[in-house]
Amino acid sequence: MPDFAISTEHLTRRFGGLTAVDDIHLQVAAGQFFGFLGPNGAGKSTTIKMLTGLLAPSSGRIELLGLDFASHAVEVKRQIGVVPEGMGLFERLTGAEYLHFVGQMYGLDRATTQQRSAELLEFMQLAGRPKTLIADYSHGMQKKLALAAAVIHGPRILFLDEPFEGVDALAAGALKALLGRMTARGVTIFLTSHVLEIVERLCSHVAIIDKGRLVAQGSLEELRAGVAVGEAGSATLEQIFLSTVGQDGERQPQFEELTWLT
Amino acid sequence: MADLIRVPGVAAQIRLVAGLRWRILRNGLRRKSNRLDLIGMILAGIFAAFLIFGVSTGFFAGTRYVLTKDHASWIAFLFWAIFLCWQVFPVLVAGFGAAFEFRTLLRFPLSLRAFYLIGLAYGFAELSAVAGTCWIVAMLLSAALVRPSVLPLMTAIAGLFLLLNVTLERLLASWIERLFARRRTREVFLGLFVLAMICVQFIGPLLNRYGEALRRFASHLLIYLAPFPPSLAGRAISDFLQEDWAGVLGSFAGLLGFAAALSFLLWLRFSAQYRGEELSETSAPVPQRPRARQESSGAFVLDRLSPQAGAIVRKELCYLLRNGFALLSLLFPPVLVLLFSSPFAGSRREPFRHGLSPAMLFPAMMAYIVFILITPAYNCFAFESRGIQTYFTAPLRFRHVFLAKNLVLALVLIFDLSLCIAVFAFSAGLPSLPQFIATLVAIVFAVAGQFAIANWSSLCFPRKLVFGQMRNQRQSGMAVLIAFGVQIVFAGVGAVILFAGRWTQDAWLPAEVFAMLSVAAVLGYFASLDSLSELAERKKEALIETLCR
């Protein structure tokens with residue numbers, strides 16, 4: 001059993017003159033519910049794309065489940081599930097057809113694929129519209145389907161890019177419970193979200209990226225310990241986040257310029 | 001705060017929208033492809049200007065003729081020509097081109113009157129409206145030279161006719177927008193459009209055969225067209241020349257009535273849009289009983305593939321069956337074969353009568369069909385959209401993706417070519433056995449050879465296309481160029497080999513040469529798959545970026 005489910009060394013990605021991800025060392029232990037945070041344009045999506053094989057790093061190394069991604073891409077991909085940015089759905093298939101397709105892409109036999117598809121569609125409350133094309137699904141339904149597709153093969157690592165965006169409260173509650181059970185069984189979940197309350201409630205460990213560099217990493221308790229809150233009590237994730245990336249003067253809101261509004 | 005807000009006037013709002021469109025165009029030029037599009041638009045604009053000017057001279061001459069030769073009643077034909085062009089052309093191109101979404105303006109404080117006038121003003125910016133206006137101006141100029149006395153009335157009628165046309169065109173556009181809001185309608189329309197284009201091919205033969213009867217039918221039809229605006233406009237002018245003032249007044253009133261009625265209907269349509277008409281695609285969920293689904297046990301061919309390739313083949317077949325345009329394009333080749341081979345049928349079957357013998361027509365026809373059907377392979381990820389990411393996150397080598405996609409296209413080719421051969425055999429008869437075999441083997445050579453190049457082109461020059469949508473739907477220019485170039489080369493090689501067979505009087509020589517080339521092409525195809533897999537890894541970012549845009 002490897003020490004870390006996800007491990008990167010000097011992970012860097014440049015787009016021309018812009019360094020979107022700069023020399024990142026990320027370490028996520030197996031079974032962790034890991035939150036990956038950062039302001040807009042900080043490099044979260046670029047990192048998750050590199051970790052899931054959608055983007056090649058400019059330099060550095062990615063190791064998932066003890067395997068080097070570059071040299072064992074197919075083997076690694078077999079053990080991970082992804083809800084990428086934009087969800088990556090084939091919109092001209094029905095939900096069931098898409099899950100069959102994904103199941104077989106991950107090498108499941110037909111009977112297993114069929115059984116798991118039916119169960120997942122039921123769980124995600126998508127079974128009521130079997131003939132509807134994904135193109136005609138609402139955003140929330142597409143998100144639920146993308147989540148179902150990401151877990152159909154029982155991955156050991158799950159990468160989720162804004163998984164609850166657009167999902168109704170009922171389904172979100174069920175999903176959170178499902179993800180909690182998965183981590184209890186040893187699945188590692190790597191999640192990005194702008195909703196800090198969700199991350200705080202679900203994740204045991206967090207990393208914060210800003211301007212391409214990793215500025216904080218550790219358990220919530222470790223991060224809380226590093227933040228001074230005036231009064232007694234522990235800092236919230238929002239306070240941790242703001243104290244880590246919000247100290248930049250440029251990011252402080254200048255209300256005096258909006259007197260006509262405020 | 002709110003007391004500082006002043007709602008701008010209608011003219012200012014029109015100016016603002018014009019400025020917005022200009023900035024959209026200017027910012028679009030930051031992309032290289034859009035800059036190339038602009039060059040294309042300029043060239044097309046120059047061509048259109050020449051065309052409009054040329055036709056304007058025709059209208060000028062036509063008006064001069066009818067006014068000088070005392071055929072004033074014929075002027076209605078000129079109005080009909082303008083009317084049909086103005087109304088039909090925008091309907092035909094409704095799905096093409098970048099249409100400006102007026103409804104997005106509704107979130108701004110825009111009065112209904114301004115919304116109506118902006119809609120009408122932009123109606124005059126349509127190509128057909130510009131052309132129609134130019135032609136009417138040409139008619140007025142001609143009338144001013146030949147019969148100055150008719151000019152005041154003709155100007156008034158022309159003004160009313162312009163207003164009427166632009167109002168009707170906007171009204172039709174608004175109804176079309178309402179219809180096209182639904183994906184299914186767009187797809188059906190696209191299918192009908194393709195079918196109509198196929199039917200156009202038959203106009204020539206039909207006119208040749210039933211020309212006289214059609215002319216008689218058209219003359220009967222003309223009587224029923226009299227109460228419509230173009231006829232009314234024409235009759236007002238001819239009545240004026242015959243000094244039938246009651247007739248002039250009646251026709252003018254008729255035109256006014258049409259203009260008022262259409263304006264009222266357009267006002268109603270725009271009012272509905274202004275109130276926030278719902279054109280949403282998503283319908284309310286309809287409870288459906290889940291049906292137990294059995295996978296077809298006849299899919300034994302797919303079972304022989306890797307699970308990934310099998311899954312992709314199934315997905316491609318689903319996509320094919322749900323793509324009305326692709327399905328209709330499968331009907332196109334047999335229809336073409338029927339059309340081109342029928343002159344060689346029966347008693348008229350004489351070699352070289354049409355410059356091409358039936359024996360040479362068969363390979364030429366098959367080459368043309370392959371050319372039509374294989375072109376989509378040069379941009380084979382066009383419809384994947386965001387789904388392309390799945391191919392890179394799933395545990396598979398990209399060769400499976402190509403294998404599956406090429407297999408589906410090969411099946412389509414086999415199906416369509418079989419139909420075409422059957423149609424050809426029925427209408428013109430099959431060529432000699434050596435030539436038949438040579439053609440079949442040449443197809444294998446051309447298809448296998450092209451698949452390798454087409455796969456490379458799909459990775460290097462991808463372009464996203466959207467199902468059931470015609471707007472902005474163009475293949476990658478480079479992919480089209482490569483497809484043309486490659487097919488010209490393959491056709492050239494094939495022609496040389498076929499003529500070599502004729503020249504050497506060895507009937508089986510082409511079949512033997514094509515067989516050797518086919519083996520080489522098939523081996524080359526399989527050898528290319530691994531390097532293409534590596535290329536896919538290198539090109540994945542550009543591919544994902546293009547298709548997920």
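**View 1. Helices H6(B) and H10(B) are roughly parallel to each other, because angles under 35 degrees count as roughly parallel.** Welcome to this predicted model, which we explore here in close-up views. Helix H6 of chain B covers residues 151–180, and helix H10 of chain B covers residues 245–274. They pack at an angle of about 30°, and their axes are 9 Å apart. As H6(B) passes H10(B), the crossing is left-handed. On the H6(B) side, look for residues including B:Ile157, B:Leu160, B:Phe161, B:Leu164 and B:Leu168. On the H10(B) side, the residues they meet include B:Phe252, B:Leu255, B:Leu256, B:Ala259 and B:Leu262. Sorted by class, this contact of H6(B) with H10(B) has 15 nonpolar, three polar and two charged residues. B:Arg170 in H6(B) and B:Arg269 in H10(B) are among the residues that take part.

**View 2. Helix H9 of chain B also packs against H10(B).** Here the angle is about 155°, and the axes are 8 Å apart. That makes H9(B), residues 229–241, roughly antiparallel to H10(B). This crossing is left-handed. From H9(B), the contact draws on residues including B:Pro229, B:Leu232, B:Ala236 and B:Phe240. From H10(B), B:Gly247, B:Val248, B:Ser251 and B:Phe258 are among the partners. By class, the contact of H9(B) with H10(B) counts nine nonpolar, three polar and two charged residues. If you have just come from the first view, you may recognise B:Phe252 and B:Leu255, which belong to the H10(B) side here and also meet H6(B).

**View 3. B:Pro230 sits in helix H9 of chain B.** Is this proline buried or exposed? B:Pro230 counts as buried because it has 22 C-beta neighbours inside 10 Å, where 20 or more are needed. Leaving aside residues up to four places away in sequence, B:Pro230 touches B:Ala76, B:Phe79, B:Trp80 and B:Phe83. Take a look at B:Ala76 in particular: it is 154 residues from B:Pro230 along the chain, yet their C-alpha atoms are separated by 5.8 Å.

**View 4. An open sheet of six strands belongs to chain A.** Before zooming in, it helps to know that chain A has nine helices and eleven strands. Buried residues make up 45% of its 262 residues. Among contacts in chain A with a separation of 6 or more, 67% are between residues 24 or more positions apart. Reading across the sheet, the order is E7-E8-E9-E4-E10-E11, and the pairing is mixed. Strand E7 (80–83) and strand E11 (213–219) form the edges, each pairing on one side only. From one strand to the next, the twist averages 15°.

**View 5. At one edge of the sheet, E7(A) pairs with E8(A) in the parallel sense.** Four bridges connect the two strands. Opposite A:Val83 you will find A:Leu160 in E8(A). Which residues of E7(A) point one way, and which the other? A:Ile80 and A:Val82 point one way, while A:Gly81 and A:Val83 point the other way, and all are buried. In a regular strand the side chains alternate between the two faces of the sheet. Helix H5 of chain A, residues 139–151, lies across E7 and strand E8 (157–161). H5(A) runs at about 170° to E7(A).

**View 6. Strands E4(A) and E9(A) run parallel to each other.** E4(A) spans residues 33–37 and E9(A) spans residues 188–192, with four bridges joining them. To find one bridge, start at A:Gly35, whose partner in E9(A) is A:Leu191.

**View 7. E10(A) and E11(A) run antiparallel and form a hairpin.** Six bridges join these two strands. A:His205 stands opposite A:Ser219 in E11(A). Two residues lie between the strands of the hairpin, where A:Lys211 takes a positive phi near 50°. Helix H9 of chain A, residues 237–245, lies across E4, strand E10 (205–210) and E11, running at about 30° to E10(A).

**View 8. Chain A meets chain B through 34 residues of its own and 35 residues from chain B.** On the chain A side, helix H2 (73–78) and helix H3 (95–105) each supply at least two residues. Which element gives the largest share of that side? H3(A) does, with five residues. The chain A side divides into 17 nonpolar, eight polar and nine charged residues.

How values were computed:
Residues are numbered from 1 along each chain as its sequence is written. Chains are lettered from A and ligands numbered from 1 in the order in which they are written. This is a predicted model: local features need pLDDT of at least 70, side-chain atom pairs count only at pLDDT 80 or more; totals for chains, interfaces and linings use all residues. Two residues are in contact if their C-beta atoms, placed from the backbone, lie within 7 Å. Ala, Val, Leu, Ile, Met, Phe, Trp, Tyr, Cys and Pro count as nonpolar, Asp, Glu, Lys and Arg as charged, and the others, Gly among them, as polar. Two strands pair if DSSP finds at least two bridges between them. Axes are lines fitted to C-alpha atoms, for helices over the stretch in contact, and angles run from 0 to 180 degrees between N-to-C directions. Angles under 35 degrees count as roughly parallel, over 145 as roughly antiparallel, 65 to 115 as roughly perpendicular and the rest as oblique. A crossing is left-handed if the near helix is turned anticlockwise from the far one by less than a right angle, and right-handed if clockwise. A residue is buried if 20 or more other C-beta atoms lie within 10 Å of its own, exposed if 12 or fewer, and partly exposed in between; C-beta atoms are placed from the backbone.
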